[in-house]
Amino acid sequence: NNSDSELKAYFDKVFGSSAVDSAYVVKDTTRLLALIAARDTAQLHLDKANFKMEHDNIDYYTKQLEMLSEEVKAEREKVKKEAAATGEVNLSCGFVTFKHRRDAELAKMIS
């Protein structure tokens, strides 16, 4: 599984460096998405506790929200760091944007 720069380099080699506008490999963000969902759930519970003035729950969900927000931030940084390397979070598919339609049509024929 290649990095974004390796994907772009491949298509630059095949089509010439002036043909590719951008290239991005799809990232595996399964853990990040789960953390974001948990953080959003904690925020909903906190909002509900604030509405009902449930002080014990307010404290609990405030701490949960802070902890999950830090985990989300750390996971985002991890994905960003690993994305620069081959493998890790990079999957085997990606998106390439060409400057000209002709090159994009030719790229569709590559298997």
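Before anything else, one term: when I say contact, I mean heavy atoms within 4.5 Å. And a reminder that what you have on the screen is a predicted model.

Let me use that term right away on Asp12. Asp12 sits in helix α1. Leaving aside neighbours within four places in sequence, Asp12 is in contact with Ser17 and Val20. Is Asp12 buried or exposed? Its relative accessibility is 18%, and the cut-off for buried is under 20%, so Asp12 counts as buried.

Now, staying with helix α1, let's turn to Asp4. Asp4 makes a salt bridge with Lys27, and the closest N and O atoms are 2.6 Å apart. Which elements does this pair link? Asp4 belongs to helix α1, residues 4-15, while Lys27 belongs to strand β1, residues 20-27. The two are 23 residues apart, and the pair links distant parts of the chain. As for accessibility, Asp4 comes out at 22%, which makes it partly exposed. Lys27 also has 22% relative accessibility and is partly exposed.

How many salt bridges are there in total? The count comes to eight, and I'd like to show you two more of them, both involving Arg31.

In one, the side chains of Glu71 and Arg31 meet, at 3.9 Å from N to O. Glu71 is in helix α3 and Arg31 in helix α2, so this bridge ties together parts that lie 40 residues apart in sequence. Glu71 is partly exposed, with a relative accessible area of 27%, and Arg31 is partly exposed at 47%.

In the other, Arg31 meets Glu75, with an N to O distance of 3.4 Å. Here too the pair links distant parts of the chain, with Arg31 in helix α2 and Glu75 in helix α3, 44 residues apart. Glu75 is buried, at a relative accessible area of 10%. Put the two bridges together and you have a network of Arg31, Glu71 and Glu75.

That brings us to helix α3 itself, so let's look along its length. It has 29 residues, and at 1.5 Å a residue they should span 42 Å. The end C-alpha atoms of α3 are 42 Å apart, which agrees.

Which residues of α3 are buried? They are Ile58, Tyr61, Leu65, Leu68, Val72, Glu75, Val79, Glu82 and Ala83. If you're wondering about the spacing in that list, remember the general rule: an α-helix has 3.6 residues a turn, so residues three or four places apart point the same way. And what do the buried residues of α3 pack against? Their partners are α1, β1, α2 and β2, the last of these being residues 90-98.

Several of those names come back in the largest nonpolar core. This core has 11 residues: Leu32, Leu35, Ile36, Ala42, Leu46, Ala49, Ile58, Tyr61, Leu65, Leu68 and Val72. Two elements, α2 (30-52) and α3 (55-83), each give two or more residues to this core. Of these, α2 gives the most, with six.

For a close-up of the core, click on Leu65. Setting aside residues up to four places away in sequence, Leu65 touches Arg39, Ala42, Gln43 and Leu46.

Last stop: there is also a second, separate core. It holds nine residues, among them Phe11, Ala23, Phe98 and Ala107.

That's my tour, and thanks for listening!

Technical notes: Residues are numbered from 1 along each chain as its sequence is written. This is a predicted model: local features need pLDDT of at least 70, side-chain atom pairs count only at pLDDT 80 or more; totals for chains, interfaces and linings use all residues. Side-chain values use heavy atoms; hydrogens and water are left out. A nonpolar core is a set of buried Ala, Val, Leu, Ile, Met, Phe, Trp, Tyr and Cys residues joined through side-chain atoms within 4.5 Å. Buried means under 20% relative accessible area, exposed over 50%, partly exposed in between (1.4 Å probe, protein chains only). Helices (H or I, at least four residues) and strands (E, at least two) are DSSP runs, numbered from the N terminus. A salt bridge is a side-chain nitrogen of Lys or Arg within 4 Å of a carboxyl oxygen of Asp or Glu. The expected span of a helix is 1.5 Å times one less than its number of residues.
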